[in-house]
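Student: I've got a chain to go through and I'd like to quiz you on it. Can we take it piece by piece?

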Amino acid sequence: MHHPYGPAAGPGGPAARLPLTASGTRRIAIVSASVGAGHDGAATELARRLTAAGYGVDRHDFLDLLPARAGALIRGTYHRMLTLAPGSYQHLYANTEECGRPGRLVGALLRCTEGRVLRALAPGTCAVVSTYPGASQVLGRMRQSGRLAVPALTYLTDFSVHPLWIAPGIDGHLAAHHVPAGQARALGAADVAVTGPVVDPRFTPGGTAERRAARRRFGLPDEDKVALLVAGSWGVGSVEEAATEIRDSGAAVPVVVCGRNDALVQRLRRLGIEHAHGWVADMPDLMRAADVLVQNAGGLTSLEAFASGLPVASYRCIPGHGQTNAAALEQAGLAAWIRRPDELAPVLRALMAGPLGSRQRRLGLALYTTGPGPAAAITAASGHPATTARPVRGARVASLTRRRLGLAAAALTVTVTLAIGIPVADAYSDAPVHLATHQVQGGR
């Protein structure tokens with residue numbers, strides 16, 4: 001097999017076996033990434049469920065496994081693109097049809113990551129689960145080369161599936177709904193299963209008494225309609241515009257959650273948005289206080305709203321996955337995509353007190369009765385012998401100097417910025433990568 005970044009590290013043949021842990025516990029490794037909160041949020045709930053099923057669980061941040069501080073560079077670049085140059089990010093995401101193969105330094109950096117991943121796996125590991133596309137690319141390549149001897153699965157955290165999620169060599173792909181499952185199959189994903197989403201079990205529908213108590217706790221009016229506006233853990237997007245437009249529409253009182261963006265909280269309060277919050281620890285209770293969720297990224301918060309019986313609208317979506325997720329959620333009938341400000345008030349009213357909202361609540365809650373659940377699918381796949389591949393010393397790329405690794409990290413960051421903007425670029429495929437086809441319409 002030709003490898004675009006040079007020969008595969010390590011000898012061929014079957015991977016070496018490592019023993020079970022001393023207690024005989026089988027372990028499952030989850031590789032996520034601290035890019036926003038969605039990938040980590042899914043990993044946290046998967047870990048909780050797998051632990052309850054009797055498995056030992058090890059969590060790893062893929063960005064921490066990259067050498068030469070490349071992970072911090074990627075995280076910072078991605079954040080800056082969303083906050084400072086969203087137009088260019090959208091242009092790159094939507095219009096890049098083929099991405100070139102990585103240069104020698106980038107390939108060396110990614111090859112080095114394989115050894116780091118292998119060394120992170122504990123004895124007794126019987127499956128590895130990725131909740132991040134970059135990790136899936138590395139794990140799939142390791143499965144193809146024989147360096148990883150246990151099943152590798154991808155849990156698709158997004159409702160729309162970018163081609164980077166689909167890596168040759170991955171044993172199975174777990175999707176929350178038939179729409180992302182269909183997109184994954186169209187991209188050539190192996191063994192796609194619709195297992196339903198995973199969210200914290202505290203997200204459940206509340207009754208009238210719980211709603212009133214939640215409103216008292218957050219200082220919200222008892223009788224007014226409330227629109228909960230979320231902007232992810234980073235607080236990115238056209239949040240100020242959306243908040244003031246909801247307020248001025250008269251349809252609902254906006255309650256804005258800005259994540260860790262304290263500056264955004266202050267700007268909103270200067271605009272007269274009374275209910276502007278930073279990081280909110282008790283989001284389940286805040287959702288019980290709301291009548292509708294307005295979101296701009298289509299990530300974990302949308303899934304939490306579905307579990308809470310809360311209708312969802314996509315509005316002023318962030319570039320890239322924010323718009324493709326909005327399209328996929330609309331196709332599934334789970335969230336209305338509001339594309340123009342003049343649609344805002346009528347759609348919000350229809351969601352809060354009309355048949356559209358009732359239908360969405362029903363479909364959203366039904367997600368959580370679909371399939372056996374991803375944890376059950378993971379444990380079924382982990383029935384293979386508990387082995388891991390022994391790290392091969394040659395995979396350390398020890399010949400690279402610190403300076404050359406630093407250049408490789410910088411080159412990888414440039415690849416991310418100039419290609420698609422999703423952390424860890426398409427540096428891992430033998431074939432050219434093609435973007436999935438989505439009907440993305442202007443949402444501003």
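**Valine 256 and its surroundings**

Tutor: Sure, let's start with valine 256, which sits in strand E8 (residues 253–257). Keep in mind that this is a predicted model.

Student: Is valine 256 buried or exposed?

Tutor: Go by its relative accessible area, which is 0%. Buried means under 20%, so valine 256 counts as buried.

Student: Leaving aside neighbours within four places in sequence, which residues is valine 256 in contact with?

Tutor: A contact here needs heavy atoms within 4.5 Å. With the neighbours within four places in sequence set aside, the list for valine 256 reads Leu229, Val239, Ala243, Leu268, Ile273, His275, Ala276 and His277.

Student: How far apart in space are valine 256 and glycine 278?

Tutor: In sequence, 22 residues separate valine 256 and glycine 278. In space, C-alpha to C-alpha, the distance between them is 8.4 Å.

**Helices**

Student: At what angle do helix H9 and helix H14 pack?

Tutor: The helices in question are H9, residues 239–249, and H14, residues 344–353. Their axes are 9 Å apart, and the packing angle is about 75°.

Student: And is H9 roughly parallel or roughly perpendicular to H14?

Tutor: Angles of 65 to 115 degrees count as roughly perpendicular, and this pair packs at about 75°. That is why H9 is described relative to H14 as roughly perpendicular.

Student: How many residues of the contact of H9 with H14 are nonpolar?

Tutor: H9 brings Glu245, Ile246 and Ser249, while H14 brings Leu344, Ala345, Leu348 and Arg349. Of the residues in this contact, 1 is polar and 2 are charged, and the nonpolar count is 4.

Student: Over to helix H13: which residue's side chain makes a polar contact with the side chain of threonine 324?

Tutor: Threonine 324 lies in helix H13 (residues 321–331), and at 2% relative accessibility threonine 324 is buried. At 2.8 Å, its side chain makes a polar contact with that of serine 160.

**Salt bridges**

Student: Why can side chains of opposite charge pair?

Tutor: Such pairing can happen because their charged atoms come close. A search of the whole structure for salt bridges finds 18.

Student: Which residue forms a salt bridge with arginine 217?

Tutor: Arginine 217 is in helix H8 (residues 208–218), and its partner is 65 residues away, in the loop between strand E9 (275–277) and helix H11 (283–289). Arginine 217 counts as exposed, at 53% relative accessibility. The closest N and O atoms of the pair are 2.3 Å apart, and the partner is aspartate 282.

Student: How far apart are the closest N and O atoms of arginine 247 and aspartate 248?

Tutor: Arginine 247 is partly exposed at 33% relative accessibility, whereas aspartate 248 is exposed at 57%. They form a salt bridge, with the closest N and O atoms at 3.0 Å.

Student: What about aspartate 342: which residue does its side chain meet in a salt bridge?

Tutor: Aspartate 342 is exposed, with a relative accessible area of 54%. Its partner counts as partly exposed, at 44% relative accessibility. The two side chains meet at 3.1 Å, N to O, and the partner is arginine 340.

Student: And which residues do salt bridges that share partners join into one network?

Tutor: We've already met the bridge of arginine 217 with aspartate 282. The network joins Arg217, Asp282, Asp285 and Arg288.

Key. Residues numbered from 1 in each chain as written. Predicted model: local features only at pLDDT ≥ 70, side-chain atom pairs only at ≥ 80, totals over all residues. Heavy atoms only, no water. Salt bridge = Lys/Arg side-chain N within 4 Å of Asp/Glu carboxyl O. Helix = DSSP H or I, 4+ residues; strand = E, 2+ residues; numbered from the N terminus. Buried < 20%, exposed > 50% of the residue type's maximum accessible area, 1.4 Å probe, protein only. Axes fitted to C-alpha atoms, helices over the stretch in contact; angles between N-to-C directions. Parallel < 35°, antiparallel > 145°, perpendicular 65-115°, else oblique. Nonpolar A, V, L, I, M, F, W, Y, C, P; charged D, E, K, R; others polar. Polar contact = N/O pair within 3.5 Å; in protein donor to acceptor, adjacent residues only side chain to side chain.
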